[in-house]
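Welcome! Here is a short briefing to help you find your way around the structure shown next. Take a look at it, then follow the points below.

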Amino acid sequence: MDNNSNLLPSGLPRIESLEMRGIVKKFPGVLANDHVDFDVKAGEIHALLGENGAGKSTLMKILYGMYQPEEGEILLNGRPITIHSPTDSINHGIGMIHQHFMLVDNVTVAENVALGLKSTRGLRLDLDVVSARIRELAEKYGLQVDPQAVISKLAVGERQRVEIVKALYRGAALLVLDEPTAVLTPQEVDDLFVIFRQMAADGHGLIFISHKLNEIFALTDRVSVLRDGKMIGTVNTADVTKADLANMMVGREVLLTRHRPPVTVGDARLMVTNVNAFNDDGKPVLKNVSFEVKSGEILGVAGVSGNGQRPLAEAIAGLQAVADGQILLEGQDVTNFTPAQMFTVGLSYIPEERMHDGCIKDFSVEENAILQDYVKRPYSNWIFLAFKQIADHAQHLIKSFNVKTPSRDTLIKNLSGGNIQKLILARELAREPRVLIAAQPTRGVDIGATEYIHNQLLRQRAEGLATLLISEDLDEVKALSDRIMVLFGGEVMGIVKSEDVTVAQLGLMMAGERAEQVFA
Amino acid sequence: MSENLTLLAIVLGILHSGIRLATPYLYAAIGETFAQRSGVLNLGVEGIMLMGAFFGFYATFQTGNPWIGLVAAALTGSLMGLLMAVVSITFQAEQGISGIGLYMFGLGISSLLFKTMLGTVEGVQGFRELHFCLTSSFCLADIPILGDVFFSHSLLTYGAYALVPIATYVLNKTTWGLKVRSVGQNPEAADSLGVSVTGVRYASVILGASLAGIAGASLSISLLNIFQENMTNGIGFIAVALVYFGSWTPLGVMLGALLFSSINALQLWVQVLNLPIPSDVAVMLPYLLTIIALAIPFRRSLQPAALTKPFSRGEN
């Protein structure tokens with residue numbers, strides 16, 4: 001780590017230290033950053049940890065010039081600097097890898113890198129010069145990228161490398177990594193971490209934003225924890241435990257492990273046989289998918305985002321046409337039922353897009369509580385809504401599922417993600433379903449609410465509910481599922497017992513290897 | 001034999017008219033291509049054309065110099081584009097609605113100015129047809145059969161076709177073109193690299209609108225050499241459709257414009273020759289073709305992803 005040269009492999013000087021002091025940022029009604037101090041040094045990987053809404057992204061957007069703080073200063077190598085725009089930030093040697101890829105899909109890698117840069121040929125693009133420099137950087141940093149490739153043809157892991165090259169090309173000495181692993185397989189994450197470690201060893205400073213505790217322990221030197229806009233503390237990663245960090249994040253004791261007691265498994269409640277489906281462009285999204293979920297069982301569905309999880313959930317929920325195959329719910333053929341029919345035969349569905357499919361954001365908590373049942377007794381009487389019954393029902397859900405809301409008349413969009421999810425879960429479970437599909441039930445939900453939702457799913461399992469749990473969080477899938485099914489390219493790679501499989505083996509299956517090959 | 005000659009004459013006539021009539025479509029649709037590539041749908045092209053047609057005509061009428069008319073039309077178009085940009089980019093108004101507003105504005109103002117400043121339909125000497133005379137006795141236009149088809153148009157018509165490779169080059173081979181494509185596809189990505197999304201969109205809309213102004217002038221001081229109320233008669237709207245038809249590329253736009261103007265020329269001949277087809281059906285033909293072309297679904301995947309979506313930093 002200590003090399004005498006002050007130059008990075010890209011040939012630029014290191015940023016020995018970067019300090020943010022007393023940063024205050026207000027949004028209407030929220031103090032997003034409350035006198036936050038933060039610093040990072042050359043050669044260090046510094047984690048910024050916190051729940052959604054704790055102020056991590058705000059702090060980094062201030063550093064990257066996308067927001068202006070009300071108070072506070074930023075010091076680079078001990079000298080105050082001003083950052084008014086991303087351009088200022090880039091000129092100071094700060095690069096950012098955003099959570100959602102900031103790539104223009106329909107153009108090449110070289111064009112993405114060249115965007116916004118001065119050309120050596122004046123007004124004309126100099127893509128050959130850019131490509132040569134990309135190859136040079138790629139070689140020095142061990143990043144495989146093809147400058148001529150069009151982004152839309154690249155896999156997510158490759159796109160991530162393009163983002164890194166883009167930042168390096170612009171002379172980034174300090175890199176902000178905003179949840180860079182969210183869409184990668186475990187193997188891709190490992191590869192990425194090798195690159196990050198090498199970059200730190202070469203003298204880059206790295207800020208790693210995450211809420212995945214495993215990754216923080218695997219990668220970082222120090223951790224700073226934000227909660228409700230305040231900096232709770234900065235510690236050496238080696239000096240703390242996961243439980244310590246979780247407590248700092250949430251402000252109370254949280255249980256990180258889940259207890260999944262053995263239960264008697266009953267009859268198959270959901271049977272899916274050789275289901276095929278196509279998207280709007282006529283491309284297959286589900287290929288001969290077969291599985292069953294029994295009473296008292298949670299079947300986890302693992303896979304990298306976009307490998308058929310969503311079409312599968314929607315095919316069962318009646319939102320995606322099934323071209324071929326059969327879906328049985330307690331023996332009844334429900335293939336290509338409408339969503340309303342599916343609700344009446346005992347399906348509950350927690351969709352992955354909470355704000356888009358799970359609730360109506362400009363409706364009140366109370367109205368959202370009866371989205372499916374508003375036409376039924378006791379919530380409606382002929383053509384009139386029965387407000388008293390609706391209010392009682394909403395109040396009951398709020399109370400029994402511990403939903404934090406100012407009132408049942410509050411618009412649901414004003415609740416936190418965790419509380420919205422709790423209300424959706426409450427609504428779906430109150431309908432006493434025979435089968436539950438839970439798609440990404442804790443994505444973007446804070447640790448406290450996650451703990452609550454997990455315990456609810458396990459309680460329902462004990463009472464005999466058949467649950468299909470679709471999640472990109474492998475730890476969640478492993479902790480809650482009795483069996484795990486891995487999807488790749490719309491195909492089932494295998495269904496394995498949760499206890500019999502490691503995260504690494506799941507990762508191989510997520511990358512397209514069949515269970516037989518993995519366990520051979 | 002004479003039947004064959006007549007048929008040849010008709011085909012050549014259609015070709016000649018097709019090339020000529022494509023002029024306003026080309027300027028307007030290539031201009032609109034820039035606006036749409038940057039993510040702004042400017043539906044007000046028709047109104048801008050009318051304003052360009054009027055001021056192009058009026059300046060030529062007053063000065064006798066069509067070049068001054070051309071500059072006046074381009075400037076008028078730019079101002080109309082600035083108005084569209086302020087409303088749809090800075091104030092983030094719904095683009096379809098603000099475009100219709102701009103059309104109504106252009107239609108109304110150009111009619112009002114026509115009545116108060118001209119009063120009656122007058123003629124001017126606009127851009128003349130060139131005949132490419134190499135010597136006093138030999139002109140390229142005199143080449144048998146094809147000479148007249150290709151070498152007897154005005155400078156504005158040739159300019160419209162020259163715009164196709166120029167626009168293609170600017171969009172694909174210059175740094176500014178890359179910015180235009182990027183802000184129309186993923187403005188967040190462009191913003192994160194320090195590209196001014198607002199600036200690029202303003203420039204694209206204003207450039208597109210100045211070309212729409214010239215499109216109007218190509219009618220009033222080159223093809224027809226008169227100004228009439230509502231003389232564009234839907235060309236601006238067809239131009240917007242041609243951008244979709246041409247999959248947001250200047251070359252595609254040109255093919256669409258030629259197809260459209262040729263069918264238009266064809267229907268004129270159908271009327272002239274008194275063929276047993278109702279003239280209403282013939283008039284309908286080009287528009288019917290547009291609707292069919294736009295209904296082909298695969299083209300939509302080529303559409304700039306951020307088209308009609310206002311950009312503001314920090315919102316997800």
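**A first look at helix 4 of chain A**

Helix 4 of chain A runs over residues 127–141, and its 15 residues should span 21 Å at 1.5 Å a residue; the end C-alpha atoms are 21 Å apart, so the expected and actual spans agree. Please keep in mind that this is a predicted model. The points below begin with that helix, then turn to the contact between the chains and to chain B.

**The two sides of helix 4**

- Which residues of helix 4 of chain A are buried? They are Leu127(A), Val130(A), Ile134(A), Leu137(A), Ala138(A) and Tyr141(A).
- These buried residues cover an arc of only 100° around the axis, and therefore lie on the same side of helix 4 of chain A.
- The face of helix 4 of chain A turned away from the buried side carries Asp128(A) and Glu139(A), which are exposed.

**What surrounds and follows helix 4**

- Several helices of chain A help to cover the buried residues of helix 4, including helix 3, helix 5 (156–169) and helix 6 (186–201).
- Just after helix 4 of chain A comes Gly142(A), and the phi of Gly142(A) is positive, near 65°.

**Where chain A meets chain B**

- The contact is made by 22 residues from chain A and 20 residues from chain B.
- On the chain A side, helix 2 (86–91) and helix 3 (109–114) each supply at least two of the residues that touch chain B.
- Helix 2 of chain A gives the most to this side, with 3 residues.
- How do the residues on the chain A side divide by type, and how many are nonpolar, polar and charged? There are 13 nonpolar, 6 polar and 3 charged residues on the side of chain A that touches chain B.

**Chain B as a whole**

- Chain B has 12 helices and 0 strands, so you will meet one helix after another as you read along its sequence, in the pattern α-α-α-α-α-α-α-α-α-α-α-α.
- For 316 residues, a compact globule would have a radius of gyration near 20 Å, and chain B agrees with this because its own value is 20 Å.
- Taken along the principal axes, the box filled by the C-alpha atoms of chain B is roughly 70 × 45 × 45 Å.
- Of the 316 residues in chain B, 48% count as buried.
- Among the contacts in chain B with a separation of 6 or more, 78% are between residues 24 or more positions apart.

Conventions: Residues numbered from 1 in each chain as written. Chains lettered and ligands numbered in written order. Predicted model: local features only at pLDDT ≥ 70, side-chain atom pairs only at ≥ 80, totals over all residues. Contact = placed C-beta atoms within 7 Å. Helix = DSSP H or I, 4+ residues; strand = E, 2+ residues; numbered from the N terminus. Nonpolar A, V, L, I, M, F, W, Y, C, P; charged D, E, K, R; others polar. Expected span 1.5 Å × (residues − 1). Buried ≥ 20, exposed ≤ 12 C-beta atoms within 10 Å, placed from the backbone. Arc of directions from axis to C-beta. Rg over C-alpha atoms; globule rule 2.2 N^0.38 Å.
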